[in-house]
2 protein chains.
Amino acid sequence: VIEAERLARVRLSAAVEPGHADVLRAVAESSAQAVLDRLRRGDPRLDRDGRLGRRVLAVDAAALLTLAERYGISVTIPGDPTWPPGLDDLAGCVRDRRGEVPVCLWARGSASPLLLQRSAALVGSRAATAYGTAVAGDWAAVLADRGVAVVSGAAYGVDAAAHRGALAVGGVTVAVLAGGLDQPYPRGNATLLDRIAADGLLLSEAAPGSVVNRGRFLSRNRLIAALARGTVVVEAGRRSGALSTAAWAAALLRPVAGVPGPVTSATSVGPMRLVRDQVAVLVTTPEEVVELVGDFGADLAPLSAAPSRATDGLPEPLLVVREAMPSRSPMTVAELVAATGYDLPTVLRALDGLAERGLVAGHGETWRVRAPRRVDA
Amino acid sequence: VIEAERLARVRLSAAVEPGHADVLRAVAESSAQAVLDRLRRGDPRLDRDGRLGRRVLAVDAAALLTLAERYGISVTIPGDPTWPPGLDDLAGCVRDRRGEVPVCLWARGSASPLLLQRSAALVGSRAATAYGTAVAGDWAAVLADRGVAVVSGAAYGVDAAAHRGALAVGGVTVAVLAGGLDQPYPRGNATLLDRIAADGLLLSEAAPGSVVNRGRFLSRNRLIAALARGTVVVEAGRRSGALSTAAWAAALLRPVAGVPGPVTSATSVGPMRLVRDQVAVLVTTPEEVVELVGDFGADLAPLSAAPSRATDGLPEPLLVVREAMPSRSPMTVAELVAATGYDLPTVLRALDGLAERGLVAGHGETWRVRAPRRVDA
């Protein structure tokens with residue numbers, strides 16, 4: 001029974017566009033076999049003109065699976081132990097006619113889809129700046145090192161940098177493609193895609209042989225959002241596809257984060273707009289991303305305490321007296337009274353307190369500091 | 001009676017540090033004359049050892065006013081028409097022993113303190129980057145041009161850039177100093193301070209003759225926060241004094257904003273931390289600052305709509321078909337069916353719709369686009 005359902009889903013996968021939400025929803029609500037029957041009977045609610053039915057019936061599912069096998073591509077369907085549970089959140093989550101749970105997921109690679117339980121999508125512009133690709137690469141390396149799978153779309157720019165950063169530290173990275181997994185896209189990243197398959201995972205809802213088209217790119221973005229536990233927009237122009245991924249993640253109630261960048265940078269407009277609109281939270285370190293997508297309590301980012309200084313926690317008169325003293329030359333008590341505005345007893349008490357803590361040295365009228373001071377930024 | 005109170009406040013201003021919140025609060029709750037009487041009688045609740053009383057009684061208020069006049073410095077006290085109302089919000093707002101309403105405000109310059117009704121503080125690091133000073137200068141110019149007085153502290157870096165940006169467009173800028181207005185500080189900005197006095201305003205709670213000290217810098221920050229309608233942190237390291245200004249503004253329930261910058265920049269750590277901690281909102285344009293500090297409804301920032309494109313608002317099938325067409329070469333209907341995944345009738349209807357809108361041209365099998373396409377960022 002499960003094998004019959006698998007073949008039915010393979011057949012639909014090769015013939016139904018992900019934008020065809022009616023069919024996908026019907027599959028999710030009943031089964032691929034039931035939908036195949038309806039298409040065979042020519043149900044006009046799913047297939048107004050009969051074309052879809054003819055396309056579906058022309059698919060040779062067994063041949064497709066043989067072709068897939070030749071490329072090391074396997075297929076997983078809901079109910080399989082390898083079916084990523086995040087995808088089920090798409091049920092009923094239709095935006096702009098795309099959406100719904102894919103009928104199946106094609107996979108190529110060595111990593112288990114279950115690693116997506118602990119994952120973050122790093123997405124952004126193809127036309128990324130050096131800053132954007134540096135952040136994507138560096139953060140992906142930290143995330144992968146902390147056992148977080150790095151999900152992206154294998155495009156030029158931010159996507160490729162994120163995959164490479166994870167691969168560089170031997171971590172897991174997952175590329176979600178718009179076309180079939182036998183069709184490397186973009187062609188210029190074919191070598192990268194092979195490396196991702198070797199150490200990580202390539203995923204697509206498009207059957208082998210499917211070429212990319214714009215509709216499939218838009219649909220692919222929903223899969224990135226649904227597969228990852230959270231989505232980070234590293235850099236994105238006003239029109240970047242990364243913003244659609246962020247919108248999907250928000251619709252799925254997954255955490256969305258934006259990386260700050262200069263207000264003068266066109267590719268930081270997108271993430272900053274998401275933060276201003278309270279779609280995304282601001283993240284400034286990869287540790288904050290780990291906290292965002294990590295397990296409750298177990299993955300808290302370190303509090304970004306200022307580096308500790310010898311003067312930390314000093315009561316105010318001690319701090320003010322200490323700060324009033326130059327680092328290299330001595331100072332008289334009278335000068336300290338003038339410089340701090342405190343009266344003499346307060347200055348003397350503060351000097352005693354500082355001397356007890358080893359922060360100043362001196363006696364009588366003349367005192368000097370004992371540790372180097374930091375200059376305020 | 002008012003003149004006697006003014007002289008009493010002048011006298012206190014020259015002898016009491018702003019950190020002496022007990023005295024400042026007593027003045028706010030009764031009057032400077034009453035506090036002078038208590039100091040004269042040696043009230044130990046205000047003056048444990050009698051030193052403050054002796055300092056106050058040694059002040060020659062009339063001579064101080066004569067000195068001030070020589071420098072073009074005037075004094076304003078609560079109740080004067082020129083008293084900035086924002087300062088009264090400090091009543092009872094004591095943080096770290098500083099705070100409280102100043103006993104008086106010394107002023108030098110041509111602008112009225114009432115212009116602070118429409119104002120924004122731009123503050124930040126002395127050790128600003130080129131990005132920080134560029135943003136401070138550019139935004140100050142836009143704010144000043146929109147009639148918003150630019151408040152800052154005349155320090156090197158962000159402060160000086162903000163003052164200069166406002167002056168460059170003939171706008172109003174207000175520098176709040178830690179020492180007396182006859183003591184230009186920092187010395188290297190003496191010319192800038194003279195220009196601010198000529199076109200704008202210098203303010204301080206320190207009497208003429210007072211030199212700067214660290215305590216006075218900390219106290220000065222509360223005045224910047226209280227005088228401006230909102231505070232924008234442009235760049236600030238973890239330890240920057242600008243963060244204390246932001247904390248004062250937050251304590252006063254004034255809007256606080258942070259300017260994004262690269263996560264790799266140490267001087268953007270401060271504002272990004274404020275945004276993460278929800279002390280500050282993120283601002284990416286000076287117009288957003290105008291909205292933040294401006295009048296309800298009258299100063300809304302323009303919605304940052306994406307630049308309009310010929311394809312804006314197209315229904316999805318039209319958009320997808322249009323986006324599938326290359327900009328220079330024609331495409332056949334069969335190719336469009338393959339590229340979009342739509343069936344033939346949908347593609348034909350979409351082509352008709354696009355042709356009606358003047359976005360494609362063609363007939364029968366072969367079509368091409370009519371307007372240049374924008375590439376996704």
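What is the strand order of the open sheet of nine strands in chain B? I read off 1-2-6-5-4-3-7-8-9, with mixed pairing.

**Ground rules**

I am working with a predicted model, where local features need pLDDT of at least 70, side-chain atom pairs count only at pLDDT 80 or more, and totals for chains, interfaces and linings use all residues. Residues are numbered from 1 along each chain as its sequence is written, chains are lettered from A and ligands numbered from 1 in the order in which they are written, and side-chain values use heavy atoms, with hydrogens and water left out.

For my element numbers I use DSSP runs counted from the N terminus: helices are H or I with at least four residues, strands are E with at least two. I call two strands paired if DSSP finds at least two bridges between them.

**Entry: the nine-stranded sheet, chain B**

I looked at the edges next. Strand 1 (73-76) and strand 9 (281-282) of chain B each have a single partner strand, so one side of each is left without a neighbour in the sheet.

Further in, I followed strand 7 (residues 231-235) of chain B, which runs parallel to strand 8 (residues 256-258) of chain B and is joined to that strand by three bridges. One residue pair I noted is B:V232, whose bridge partner in strand 8 of chain B is B:A257.

I then found helix 11 (residues 269-276) of chain B lying across strand 7, strand 8 and strand 9 of chain B, at about 135 degrees to strand 7 of chain B. For such angles, axes are lines fitted to C-alpha atoms, for helices over the stretch in contact, and the range is 0 to 180 degrees between N-to-C directions.

**Entry: the three-stranded sheets**

In chain A, I see an open sheet of three strands in the order 10-12-11, with antiparallel pairing. Strand 10 (331-332) and strand 11 (360-363) of chain A stand at the edges with a single partner strand each, so each has one side without a neighbour in the sheet. Two bridges join strand 10 of chain A to strand 12 (residues 366-369) of chain A, and A:M331 stands opposite A:W367.

In chain B, I checked strand 10 (residues 331-332), which pairs with strand 12 of chain B in the antiparallel sense over two bridges. There B:M331 stands opposite B:W367. Strand 11 (residues 360-363) of chain B also pairs with strand 12 of chain B in the antiparallel sense, over four bridges, and B:V360 has B:V369 as its bridge partner. The hairpin of strand 11 and strand 12 of chain B has two residues between the strands, and B:G364 takes a positive phi near 60 degrees there.

Which side chains of strand 12 (residues 366-369) of chain B are buried? I get B:W367 and B:V369, which point to one face, while B:T366 and B:R368 point to the other and are not buried. My cut-offs are under 20% relative accessible area for buried, over 50% for exposed and partly exposed in between (1.4 Å probe, protein chains only).

**Entry: B:L167**

I placed B:L167 in helix 7 (residues 158-168) of chain B. At 5% relative accessibility, B:L167 counts as buried. Leaving aside neighbours within four places in sequence, I list B:T173, B:L192, B:R195, B:I196 and B:D199 as contacts of B:L167, with contact meaning heavy atoms within 4.5 Å.

**Entry: helix 13 against helix 15, chain B**

The axes of helix 13 (residues 316-324) and helix 15 (residues 344-356) of chain B come within 9 Å and cross at roughly 85 degrees. That makes helix 13 of chain B roughly perpendicular to helix 15 of chain B; the classes are under 35 degrees for roughly parallel, over 145 for roughly antiparallel, 65 to 115 for roughly perpendicular and oblique for the rest. I see B:P317, B:L318, B:V321 and B:R322 of helix 13 meeting B:T346, B:A350, B:L351, B:G353 and B:L354 of helix 15.

**Entry: aromatic pairs**

How many aromatic pairs are there over all chains? I count two, where rings of Phe, Tyr and Trp (its six-membered ring) pair if their centres lie within 6.5 Å, and planes under 30 degrees apart are stacked, over 60 edge-to-face and the rest tilted. One is A:Y185 with A:F217, tilted, at 5.5 Å centre to centre and 55 degrees between the planes.
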